[in-house]
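I am opening a fresh page for this protein. My notes begin with the outside and then turn to one sheet.

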Amino acid sequence: MRLPFAFAQDQQIVLTEGRIVLGPKVTQLGLREAQRRIGGSKIEVVEADQMGFDTALSQAYRDSDRQGETTGDDISFDLEEAAFASRQRDLLDEPGDAPVIQLVNQLLRRAVQDSASDLHIEPHEGGLRVRMRIDGVLQQVLDRPDVPVKRIVSRLKVMAGLDIAETRLPQDGRIPLSLGGRVIDTRVSSLPGHYGERIVLRILDRSSGLRPLIDLGLSEAQESLLRRLAAFPNGVILATGPTGAGKTTTLYSLLQLADRAARNIVTVEDPIEYDLPGVSQSQINSEIGMTFAAGLRATLRQDPDVILVGEIRDAETASTAAQAALTGHLVFSSLHANSSVGAIVRLRDLGLENFLIAATLRGVIAQRLLRKLCPDCRTARPIHDDEKPLFTRHRIAIPTELFDAQGCETCGMTGHAGRVGIFEITEVTENLRGAIDQGESEAAIKKLALSPHDTLTGQGLQAVADGRVSLAEALRIVGDVT
């Protein structure tokens, strides 16, 4: 009964069981085809605006055709790899290559539907392995010996605008996609290997939208502190953590607190992950000299009030950000460091003087993402005696029971469903500013800035005590650091 997706999208009509949704530009062809399919059945007709139609289209087709997409077992390949190698530029457009295109589309669709952050295409001696990173953990979805590896890789490179003839050097590109009305952006990286080029795609769902602070997993005290930091007229505020910890999401949420009508907000990003209304956003392009440092220097001539720098990677960017803060600008940025206090040491390592760090740094946010326990299958157990000291050391009330991951059909037998953020926030107070200026060690600054409960480990254990995550998951991500 359901219409093909391309037809439904073009003709502005969604047909589901018992319901028709009409878009603002519905065509007579679409209406006739829908009437033919439903016959004389009674069905609800809903007229929607463009946003409502896109939402209905996405919901109707988002989880469709899931059978057979996990491994692509229904797809067969009859062309030999050797035949493809001599004419790879032309074969992608030939009918015989349809299975390659079909498999690539299935893999991309499955990755988006499962909310994967990364898709790994990995050639090996026995064929091709495909893995997806879901909730921070890699899961294998395909491993087949009969897949024409070079054709799969070339298809992805063509989609990303890369040179398929160059297989000896790493390349980077991007693939803009759409799935059921959802705008998807992917960053593509190729790396030559022993058995062929390895492709990794970073997937960004632009339609997921920006999150307010309250949805990030912050406590009320932490949310209040961040609001105070974002209200400063000048200074540097940093978000730290490993790749994929949600640093950019947090910085974007802070930008939303700024008065975009009264303040000039400029960003320098790589890539631009979300479109921010009322904000001027610039894309980094290092190949032509548009680096973070160059972009930041250029934004200072744009009369900004607030500047977002995607990442501080080198001494030049760090120095320019500090100078911008000294001249009355509020600068948000991310930095790779293991903790909030560790960011201070990292800035020293990048060459900033202690007095400059103390004068410009306003606060540092360190964050991690923990997999939440599936509420349908988590299992309770009494806390063991050897686990109680963990909570005592971090000044957390010892819970009577802990929850472990079990696994059910709802969570795909993983025992987890989604992720929650934990945050360690250090505000640079007068006492802390003096310690930084005097060149105190990381341990001394940490003792002065944070209580055991406020550290990442303390916040992780608090999530364990609340029953949101398992102890094994918290220790896997943050460890037992005092």
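How much area does the protein expose, and what share do carbon and sulfur atoms supply? I am working from a predicted model. I looked up the exposed area and found about 22,900 Å². Carbon and sulfur atoms supply 48% of that area.

Next I checked burial. The protein has 482 residues, and 48% of them count as buried.

I then turned to contacts with a separation of 6 or more. Residues 24 or more positions apart account for 64% of these.

For secondary structure, I noted 18 helices and 18 strands.

I picked one sheet to follow. It is open and has 7 strands, with mixed pairing. I wrote down the order as E12-E11-E13-E14-E10-E15-E18.

Which strands stand at the edges? I found strand E12 (280-283) and strand E18 (416-427) there. Each has a single partner strand, so one side of each has no neighbour in the sheet. I also looked up the turn between neighbouring strands of this sheet: on average it is 15°, direction ignored.

I went on to the E12 edge. Strand E11 covers residues 265-269 and runs parallel to E12. I noted 4 bridges joining the two. In one entry, Thr 267 has Gln 281 of E12 as its bridge partner.

Last, I asked what helix H10 touches on the sheet. H10 spans residues 292-299 and packs on the sheet, where it touches E11 and strand E13 (306-309). The direction of H10 makes about 165° with that of E11.

Technical notes
Residues are numbered from 1 along each chain as its sequence is written. This is a predicted model: local features need pLDDT of at least 70, side-chain atom pairs count only at pLDDT 80 or more; totals for chains, interfaces and linings use all residues. Side-chain values use heavy atoms; hydrogens and water are left out. Buried means under 20% relative accessible area, exposed over 50%, partly exposed in between (1.4 Å probe, protein chains only). Contact means heavy atoms within 4.5 Å. Accessible areas come from the Shrake-Rupley method with a 1.4 Å probe; for residues, only the protein chains shown count as cover. Two strands pair if DSSP finds at least two bridges between them. Axes are lines fitted to C-alpha atoms, for helices over the stretch in contact, and angles run from 0 to 180 degrees between N-to-C directions.
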